[in-house]
Amino acid sequence: MESQAQIKRLVDEHGKDDVIVVLGASDIEGAEIAAETLTVGDPSFAGPLAGVSLGLPIYHILEPEVKAEVPADVYDESAGIVSMIVDTDEVSRKFKAIRENVTSE
Amino acid sequence: MLKGKKAIIVGERDGVPGPAIARCILAAGAEVLFITTECFV
């Protein structure tokens, strides 16, 4: 909840231009809930982002298109192990769909 | 996609932690606005 408040405060301060969110959850369903919270609002209506649609572009560090922008040695050291146990293609599909849903609103 | 962007990072202790994501994001040419690492226990 505290993270929601801090993120809301940051967006209020910096605006949304050029701001992106990058998640690192290993559980994809959990990542989807976090993504929903930071795009269309807290689905549980429990936190400061309840009913607040930030509409931020959201990515997951394990998406191949994110990996492609990071030097290989840095990526392997930072996210390489988790990328071996998570279905990165599924992550990519889900997060692309989330971004498309946000841009179509 | 990442270069020149300002990143809000939400990592996970049992996934990819915030500081690890930040290393990737900085190496890709983005700026980091906020880092957190969430955990459930």
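**Notebook: salt bridges of chain A and the interface with chain B**

Entry 1. I began with helix 5 of chain A and found that the side chains of A:Arg99 and A:Glu65 meet in a salt bridge, 3.0 Å from N to O. I noted that this pair links distant parts of the chain, with A:Arg99 in helix 5 and A:Glu65 in helix 3 of chain A, 34 residues apart. The model is a predicted one, and I read every value below with that in mind.

Entry 2. I then looked up how far each partner is covered. A:Arg99 has a relative accessibility of 12% and counts as buried, because the cut-off for buried is under 20%. A:Glu65, at 28%, counts as partly exposed.

Entry 3. Which other residue forms a salt bridge with A:Arg99? I found A:Glu63, with the closest N and O atoms 2.9 Å apart. A:Glu63 lies in the loop between strand 2 and helix 3 (64-67) of chain A, and A:Arg99 lies in helix 5 (residues 88-103), so this pair ties together parts that are 36 residues apart in sequence. I recorded both A:Glu63 and A:Arg99 as buried.

Entry 4. I turned to A:Lys96 and found that it forms a salt bridge with A:Glu65, the closest N and O atoms being 3.7 Å apart. Here too the pair links distant parts of the chain: A:Lys96 belongs to helix 5 and A:Glu65 to helix 3 of chain A, 31 residues apart. A:Lys96 is partly exposed, at a relative accessible area of 38%.

Entry 5. I put these pairs together. A:Glu63, A:Glu65, A:Lys96 and A:Arg99 are linked in a network of salt bridges. Over all chains, the rule gives a count of eight salt bridges.

Entry 6. I checked a further residue of helix 5 of chain A, namely A:Ser92. Is A:Ser92 buried or exposed? I recorded A:Ser92 as buried, with a relative accessible area of 9%. Leaving aside residues up to four places away in sequence, A:Ser92 touches A:Glu63 and A:Pro64. A:Glu63 thus appears again, as a contact of A:Ser92 and as a member of the salt-bridge network.

Entry 7. I moved to strand 1 of chain A, residues 19-23, and found it mostly covered, with five of its five residues buried. Both faces are covered: A:Val19, A:Val21 and A:Leu23 lie on one side, A:Ile20 and A:Val22 on the other, and all are buried.

Entry 8. With which strands does strand 1 of chain A pair? Within chain A, I found that strand 1 pairs with strand 2 (residues 58-60) in the parallel sense over three bridges. The bridge partner of A:Val22 in that strand is A:Tyr59. Across the chains, strand 1 of chain A pairs with strand 1 (residues 6-12) of chain B, also in the parallel sense, over five bridges. In that strand of chain B, B:Lys6 is the bridge partner of A:Val19.

Entry 9. I then took the interface as a whole. I found 26 residues of chain B in contact with 32 residues of chain A. The two chains bury about 2,400 Å² between them, and 68% of that area is on carbon and sulfur atoms.

Entry 10. How many salt bridges does the rule find across the interface of chain B and chain A? The rule finds one. I identified a salt bridge between B:Lys5 and A:Asp18, whose closest N and O atoms are 3.7 Å apart. For polar contacts across the interface, the rule finds 13 residue pairs, both residues being at pLDDT 80 or more.

Entry 11. I asked which elements of chain B give two or more residues to the side that touches chain A, and found strand 1, helix 1 (18-27) and strand 2 (31-38) of chain B. Strand 1 of chain B gives the most, with seven residues. The residues on this side of chain B divide into 15 nonpolar, four polar and seven charged.

Terms used. Residues are numbered from 1 along each chain as its sequence is written. Chains are lettered from A and ligands numbered from 1 in the order in which they are written. This is a predicted model: local features need pLDDT of at least 70, side-chain atom pairs count only at pLDDT 80 or more; totals for chains, interfaces and linings use all residues. Side-chain values use heavy atoms; hydrogens and water are left out. Buried means under 20% relative accessible area, exposed over 50%, partly exposed in between (1.4 Å probe, protein chains only). Helices (H or I, at least four residues) and strands (E, at least two) are DSSP runs, numbered from the N terminus. Two strands pair if DSSP finds at least two bridges between them. Contact means heavy atoms within 4.5 Å. Buried area is the accessible area (1.4 Å probe) that two parts lose on being put together, summed over both. A salt bridge is a side-chain nitrogen of Lys or Arg within 4 Å of a carboxyl oxygen of Asp or Glu. A polar contact is a pair of N or O atoms within 3.5 Å; within protein, one must be able to donate a hydrogen and the other to accept it, and residues adjacent in sequence count only if both atoms are side-chain atoms. Ala, Val, Leu, Ile, Met, Phe, Trp, Tyr, Cys and Pro count as nonpolar, Asp, Glu, Lys and Arg as charged, and the others, Gly among them, as polar.
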